[in-house]
Amino acid sequence: MKLLIKNGRVVHPVTHAVLLQDLLAEDGKIAILEHGLSAEADRVIDAAGLIVAPGLIDMHVHLRDPGQTEREDLFSGSAAAVRGGVTTLACMGDTTPPLDSPDRIADILTRSAPCPARVLPVGTVTRGLLGEELTDGEALKKAGAVALSDDSRGIVNAGLMRDALILARRLELPILCHCEEFTMSAGRAVNEGAVSRQLWLEGRPSIAEELMVMRDAMLAEETGAPVHICHVSTAGSVDIIRKMKKRGAPITCETCPQYFSLTEDEVLTQGSAARVAPPLRTQRDIDAVIGGLLDGTIDVIASDHSPHTPEEKARSLTRAPSGMVGLETLLAASLTRLYHTGKVELPAIIRKMTANPADILHVNKGRMSVGTDADLVIFDLDQEWVVDPAQFASKGRSTPFAGKTMRGRVRYTIAGGQIVYQEG
């Protein structure tokens with residue numbers, strides 16, 4: 001199939017250029033990319049007034065499959081992904097059972113093959129997510145794992161974490177780290193601060209995140225192994241990562257739209273819908289996270305898509321599980337809070353959702369050049385819309401962005417030269 005996209009403003013995330021170009025996709029690849037292109041095609045999309053960019057790569061997604069498919073599954077999660085412009089996603093291994101063996105990694109790849117988005121499995125660092133014994137990282141990589149992570153639990157034992165990093169360096173396999181000191185955070189629903197005091201609740205202090213960020217950054221420096229720090233949420237974490245990067249530590253990190261858009265005050269009006277882990281913080285933390293995005297300290301914007309059933313999220317704040325859905329709002333929330341406020345330029349935002357995660361995961365995606373996979377997102381930079389979870393493709397419905405107006409709407413998502421989502 002030949003697909004011709006005409007008159008779009010094409011974002012090149014590596015060079016940061018935005019060019020008026022036409023694009024011809026043939027046999028799943030970008031065949032021609034130039035201005036004023038005239039070519040025969042099976043389908044033509046007029047992208048006048050629209051942005052054309054590489055398909056987004058979300059490197060932090062919980063698909064809940066296998067074992068928790070009442071929350072999400074490979075197909076519903078992939079459908080949610082392409083509605084949000086995401087053509088490639090990395091699914092965390094905290095499933096039931098966990099993705100801690102080659103057979104389970106292979107199962108994800110086999111069952112996700114028909115899905116509209118490409119699913120990249122992340123194997124666990126420890127067997128059974130118990131934090132006691134390392135998995136066979138080499139076997140997991142051979143089976144198709146793109147990274148290792150005990151996300152949602154983290155690795156408490158520093159010696160075990162060091163051993164994991166030494167192994168990961170040899171395998172050239174990144175470890176994705178959930179950084180929280182769990183003796184300070186377990187079971188606590190909200191940030192420690194004004195809101196926790198108002199609600200008479202024990203809070204999750206910022207230092208719980210920052211201690212583990214510092215530990216893992218120091219271990220990365222000492223071992224030379226690449227560490228990727230997930231969902232950075234505090235000003236202190238941004239400062240630590242900035243300083244450790246300057247020292248040459250091989251660390252990268254991500255944040256999520258909720259951590260540069262929403263404060264802990266959302267808990268007062270939205271209750272359990274605003275319960276996420278790490279928790280929503282303060283305006284000072286938001287400003288620091290945006291500063292980290294602007295100066296390159298923060299490499300990636302990911303969703304941490306964590307669906308739960310409506311019944312689970314309907315519980316009280318202290319009893320509901322932490323997590324929100326984010327695949328379908330990832331791009332729009334980032335454009336709304338970063339681009340349309342003049343904080344971060346468009347190519348920089350797109351790079352943090354394409355080329356940078358591709359580089360960290362060592363996948364040949366996220367570029368706009370002839371010969372690369374024709375994974376693309378076409379979006380209207382200015383179209384306003386109101387977030388309505390009832391319209392989501394995800395089985396999850398809980399998001400603190402519900403009812404909020406976003407600016408930036410996906411019109412088409414294209415994977416391997418095929419249109420896998422079209423608005424309406």
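**Figure 1. Helix 2 and its neighbours: the buried residues of helix 2 pack against helix 1 (74-83), strand 7 (86-91), strand 8 (118-123) and helix 3 (137-143).** The model shown here, and in every view below, is a predicted one. Helix 2 covers residues 102-112, and its buried residues are Ile105, Ile108 and Ser112. These residues sit on the same side of helix 2, because the arc they cover around the axis is only 60°. That fits the usual helix arithmetic: an α-helix has 3.6 residues a turn, so residues three or four places apart point the same way. Flip to the face turned away from the buried side of helix 2, and you'll find the exposed residues Asp103 and Thr110.

**Figure 2. Ser78, a buried serine in helix 1.** Ser78 belongs to helix 1. Its relative accessible area is 0%, so Ser78 counts as buried. Who does Ser78 touch, leaving aside residues up to four places away in sequence? The contacts are Cys115, Pro116, Ala117 and Val119.

**Figure 3. Cysteines without a disulfide.** If you're hunting for disulfides, a search of the whole structure comes back with 0. Cys230 is in no disulfide, and the nearest cysteine sulfur belongs to Cys177, 6.9 Å away. Since a disulfide needs the two sulfur atoms within 2.5 Å, that pair doesn't qualify. Cys256 is likewise in no disulfide; here the nearest cysteine sulfur is that of Cys230, at 8.3 Å. Cys230 is buried, with 2% relative accessibility. Cys256 is buried too, at a relative accessible area of 0%.

**Figure 4. The largest pocket, with a volume of about 540 Å³.** In this view, 31 residues line the largest pocket, and Arg64, Asp94, Ser152, Ala277 and Ser322 are the ones nearest its centre. Helix 5 (182-185) and helix 9 (257-261) are the elements that give two or more residues to this lining. Sorted by class, the lining of the largest pocket comes out as 14 polar, 9 charged and 8 nonpolar residues.

**Figure 5. Arg64, a residue with an unusual backbone angle for a non-glycine.** Arg64 has a positive phi of about 65°, although it is not a glycine. Arg64 lies in the loop between strand 6 (56-61) and helix 1. With a relative accessibility of 7%, Arg64 counts as buried. You've already met Arg64 in the previous view, where it was one of the residues nearest the centre of the largest pocket.

**Figure 6. Asp304, another non-glycine residue with a positive phi.** The phi of Asp304 is about 50°. Look for Asp304 in the loop between strand 15 (300-301) and helix 12 (310-313). Is Asp304 buried or exposed? At 7% relative accessibility, Asp304 counts as buried.

**Figure 7. Two cis peptide bonds, one before Pro97 and one before Pro278.** The bond from Thr96 to Pro97 is cis, with omega near 0°. Pro97 sits in the loop between strand 7 and helix 2. The bond joining Ala277 and Pro278 is also cis, and its omega is about -5°. Pro278 is found in the loop between helix 10 (266-270) and helix 11 (283-295). Ala277 is another name from the pocket view, being among the lining residues nearest the centre of the largest pocket.

**Figure 8. The largest cavity, with a volume of about 70 Å³.** Overall, the structure holds 3 cavities of 30 Å³ or more. Residues lining the largest cavity include Pro54, Gly55 and Ile57, along with Thr87 and Thr88. Further along the sequence, Asn364, Lys365, Gly366, Arg367, Thr372, Asp373 and Asp375 also line the largest cavity. By class, this lining has 6 polar, 4 charged and 2 nonpolar residues.

**Figure 9. The second largest cavity, with a volume of about 60 Å³.** Its lining includes Val125, Ser149, Asp150, Gly154, Ile155 and Met161. Ile175, Leu176, Cys177, His178, Arg215 and Asp216 are also part of the lining of the second largest cavity. Which element gives the largest share of this lining? That's strand 10, with 3 residues. Strand 10 (175-177) and helix 7 (206-223) each supply at least two residues. The lining of the second largest cavity divides into 6 nonpolar, 3 polar and 3 charged residues. Cys177, one of these lining residues, also turned up in the cysteine view, where its sulfur is the nearest cysteine sulfur to Cys230.

Technical notes
Residues numbered from 1 in each chain as written. Predicted model: local features only at pLDDT ≥ 70, side-chain atom pairs only at ≥ 80, totals over all residues. Heavy atoms only, no water. Buried < 20%, exposed > 50% of the residue type's maximum accessible area, 1.4 Å probe, protein only. 1 Å grid on protein atoms, 1.4 Å probe; cavity = no way out; pocket = protein on both sides within 12 Å on 5 of 7 lines; lining within 4 Å. Points joined across faces, edges and corners; volume = space filled by probe spheres on them. Helix = DSSP H or I, 4+ residues; strand = E, 2+ residues; numbered from the N terminus. Nonpolar A, V, L, I, M, F, W, Y, C, P; charged D, E, K, R; others polar. Arc of directions from axis to C-beta. Contact = heavy atoms within 4.5 Å.
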